[in-house]
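Below is a short note on one chain, arranged as numbered points. Please read it with the sequence and the model open.

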Amino acid sequence: MNDVLILLFFLLGLIFGSFFNVVGLRMPQKQPFANERSMCPDCGHLLAWYELIPLLSYAVQRGKCNQCQRHISILYPVIELSAALLFALSYIKTGLSWELPVALLTVTLLLIVFVSDIRYMLIPNRLLGFFLPFLVITRVIQPLDPWWSSAVGALMGVIIIALIILISRGGMGGGDMKLFALLGIVLGFQKTLLALLLSSVIGALIGGVLLGLKRINRKQPIPFGPFIVMGSLISYFQGDFLLAWYLHNLI
Ligand SMILES: [Zn+2]
């Protein structure tokens, strides 16, 4: 493990993280995100270069727009820091193997889903469609053991979420189902099941806390995507450990 490379991936994640924010916020609204300068969504104040430095700019401006003093969402620095940590973790876990592009693609997809779903309760089809071929190709180059685990995982993800949609009528949506098809390819069937289990547990815990604190009420729909993101990341990076622990202790 090379310390310089860990730092490099951390910094790379930090830079990409601010881009994930932009994509997650603009893609569902069909806004272009490539060649447009960033501005304050409230007063239209164009951001100077030093206001675009990830994390640092948020800290320096104390979470407010320089011009209109409107609060900048905590989501921005959270995503930037998460991307930095997860990019570094991807390298630490996979090294310079063919699994590294799978890890980086998965982290990228999940963070953009997180932003988009928490903001709009929507996982754009265009986003999933964009990542699908890349995830398939990298999984063909670096297959799971057994290789068909990806196909079974994708199929299982779709079927289980479809059943949940039918039974719960509203808890989850088609976006969640399609996302699980992609996750199945990456994770394989065991870790897909684990991701599903973890996201339900995390969702129940966070939902319970938010209800307890009266931040949400019972009728208010909350997006499930962010819980899927957390559950899948834990399953991808710690799944082997958790599954081994489970098989050893509970069976
Ligand atoms: Zn402003």
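Where is P146 found?

1. The model is predicted, and the points here should be read with that in mind. P146 sits in the loop between helix 5 and helix 6 (149-168). The peptide bond that joins D145 to P146 is cis, with omega at about -5°. Most peptide bonds are trans, and this one is worth a look in the viewer.

2. A second backbone point concerns L55, whose phi is near 60°, a positive value in a residue other than glycine. L55 is placed in the loop between helix 1 and helix 2 (56-60). For context, most residues other than glycine have a negative phi.

3. On the division of the chain: the domain assignment gives domain 1 as 1-96 and domain 2 as 123-251. Eight residues from domain 1 and seven residues from domain 2 take part in the contact. The C-alpha centres of the two domains are 25 Å apart.

4. On the area between the domains: about 660 Å² is buried between domain 1 and domain 2, and carbon and sulfur atoms give 74% of that area. On the side of domain 1, the residues that lose the most area to domain 2 are M27, L86 and K93, which together make up 64% of what that side buries.

5. On the chemistry of the same interface: the side of domain 1 that touches domain 2 consists, by class, of four nonpolar, two polar and two charged residues. Zero salt bridges are found across the interface of domain 1 and domain 2. The count of residue pairs in polar contact between the two domains is one, with both residues at pLDDT 80 or more.

6. How many salt bridges does the rule count? The count comes to two. One of them joins the side chains of R139 and E99, at 3.0 Å from N to O. R139 belongs to helix 5 (residues 125-141) and E99 to helix 4 (residues 99-120), so this pair links distant parts of the chain, 40 residues apart.

7. On aromatic pairs: a search of the whole structure finds nine. One of these is formed by F9 and Y91, and it is stacked, with 5.2 Å centre to centre and 10° between the planes. Why does this pair tie together parts that are 82 residues apart in sequence? Because F9 lies in helix 1 (residues 3-26) and Y91 lies in helix 3 (residues 75-94).

Definitions and conventions. Residues numbered from 1 in each chain as written. Predicted model: local features only at pLDDT ≥ 70, side-chain atom pairs only at ≥ 80, totals over all residues. Heavy atoms only, no water. Domains from an automatic or database assignment. Contact = heavy atoms within 4.5 Å. Buried area = accessible area lost by both parts, 1.4 Å probe. Salt bridge = Lys/Arg side-chain N within 4 Å of Asp/Glu carboxyl O. Polar contact = N/O pair within 3.5 Å; in protein donor to acceptor, adjacent residues only side chain to side chain. Nonpolar A, V, L, I, M, F, W, Y, C, P; charged D, E, K, R; others polar. Phe/Tyr/Trp six-rings, centres within 6.5 Å; stacked < 30°, edge-to-face > 60°. Helix = DSSP H or I, 4+ residues; strand = E, 2+ residues; numbered from the N terminus.
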